[in-house]
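Me: I'm new to reading protein models and would like a close look at one part. Could you take me through the salt bridges and what surrounds them?

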Amino acid sequence: MNFSRYVEKKKMRVSTDQLQKLTIFTTMLTGAGVMTMYFLMQKKFAQAEYHRLALQELEGCQNAMKVLGAPPLKVHNIHLTDRNNRIDQHVARLKIPVTGERTGGYLYTTAFRDSDTNRWNLHQAILKLREGQIIDLLKSPPGSAQTSEEGEDFSQ
C-alpha cells in the first residue's frame with residue numbers, strides 16, 4: 001500500500017464543537033496565566049523596600065493621615081501601564097493610589113538605591129489628594145505636613 005494513499009484515507013476530522021471547546025480552554029488558560037503574572041508583579045511591588053519606605057512615611061505623617069481620614073489607610077495596586085511607575089536598578093518612581101475614609105489620592109515617590117549599601121533611600125514622598133491639595137511628606141516636621149494647592153507635576 002502506498003503511504004500517501006494511507007494518509008489520505010486516515011485524515012483526521014475535528015468537529016466544530018471540539019474546536020470551540022479547545023479555543024475556550026486555551027483562552028481561559030491564557031487569561032489565568034496573565035492574571036497570575038499581574039498578581040505576582042503587584043505583590044512584588046508591594047513588598048519592595050522603596051514601596052514600604054514611602055508608605056511608612058505617609059503613615060508617620062499625622063496631618064496627611066487625618067486629611068485622608070485614616071486609619072484605615074487603603075493602599076491600592078499601582079497601575080502597571082502608568083508612565084509615572086518606573087523602576088530600574090538605581091531609581092524607583094511610583095505613583096501609589098491610597099484612600100482613607102474621607103478622601104484619596106496618589107502618593108508620588110522617588111527612591112534611589114545606594115550603590116555602597118544596596119539599600120533604597122526615599123528622596124521624594126508627595127501626597128496629591130483628589131481635591132488638589134498637595135502634602136510634601138519629607139519637607140515637614142514629624143506629625144505635620146506642608147501643604148500646597150499648586151498644580152505641580154510629579155511625573156519626572
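Reply: Happy to! Please keep in mind that this is a predicted model. Let's begin with the setting and then visit each salt bridge in turn.

The protein has four helices and seven strands. Along the sequence they follow the pattern α-α-α-α-β-β-β-β-β-β-β, with the helices written before the strands. Of the 156 residues, 34% are buried. The accessible surface comes to about 11,000 Å², and carbon and sulfur atoms account for 53% of that area.

Now for your topic: the structure holds three salt bridges.

Start with Asp17 and Lys21, whose side chains meet in a salt bridge with an N to O distance of 3.5 Å. That falls inside the cut-off, because a salt bridge here needs the nitrogen within 4 Å of a carboxyl oxygen. Both residues sit in helix α2, which covers residues 16-47. They are four residues apart there, so about one helical turn separates them. How open to the surroundings are these two partners? Asp17 is partly exposed, at a relative accessible area of 42%, while Lys21 is exposed, at 54%. The two get separate labels because exposed means over 50%.

Next, find Glu49 and Arg119. Their closest N and O atoms are 2.9 Å apart in a salt bridge. This pair links distant parts of the chain, with the two positions 70 residues apart. Glu49 belongs to helix α3 (residues 49-59), whereas Arg119 lies in the loop between β4 (104-113) and β5 (120-129). Their surroundings can be compared through their accessible areas: Glu49 is buried, with a relative accessible area of 16%, and Arg119 is partly exposed, at 48%.

While you are at that loop, look at Asn118, which is also found between β4 and β5. Its phi angle is near 65°, a positive value in a residue other than glycine. Asn118 counts as partly exposed, with 48% relative accessibility.

Glu49 also leads us to a second kind of neighbourhood, where helices α2 and α3 pack together. Their axes are 5 Å apart and make an angle of about 60°, so the two helices are oblique to each other. On the α2 side, the contact is made by Phe45, Ala46 and Gln47. On the α3 side, the residues are Glu49, Tyr50, His51 and Arg52. By type, this contact divides into three nonpolar, two polar and two charged residues. Glu49 therefore appears in two places on our tour: it takes part in the helix contact and counts as charged by residue type.

The remaining salt bridge joins Lys95 and Asp82, with closest N and O atoms 3.2 Å apart. This pair, too, links distant parts of the chain, 13 residues apart. Lys95 is in strand β3 (residues 91-99), and Asp82 is in the loop between β1 (74-75) and β2 (86-87). Are these partners buried or exposed? Both Lys95 and Asp82 are buried.

To finish, here is one figure for the whole chain. Among contacts with a separation of 6 or more, 44% are between residues 24 or more positions apart. As you turn the model, try following Glu49 across to Arg119, since that salt bridge runs from helix α3 to the loop between β4 and β5.

Notes. Residues numbered from 1 in each chain as written. Predicted model: local features only at pLDDT ≥ 70, side-chain atom pairs only at ≥ 80, totals over all residues. Heavy atoms only, no water. Buried < 20%, exposed > 50% of the residue type's maximum accessible area, 1.4 Å probe, protein only. Axes fitted to C-alpha atoms, helices over the stretch in contact; angles between N-to-C directions. Parallel < 35°, antiparallel > 145°, perpendicular 65-115°, else oblique. Contact = heavy atoms within 4.5 Å. Areas by Shrake-Rupley, 256 points an atom, 1.4 Å probe, with all protein chains shown as cover.
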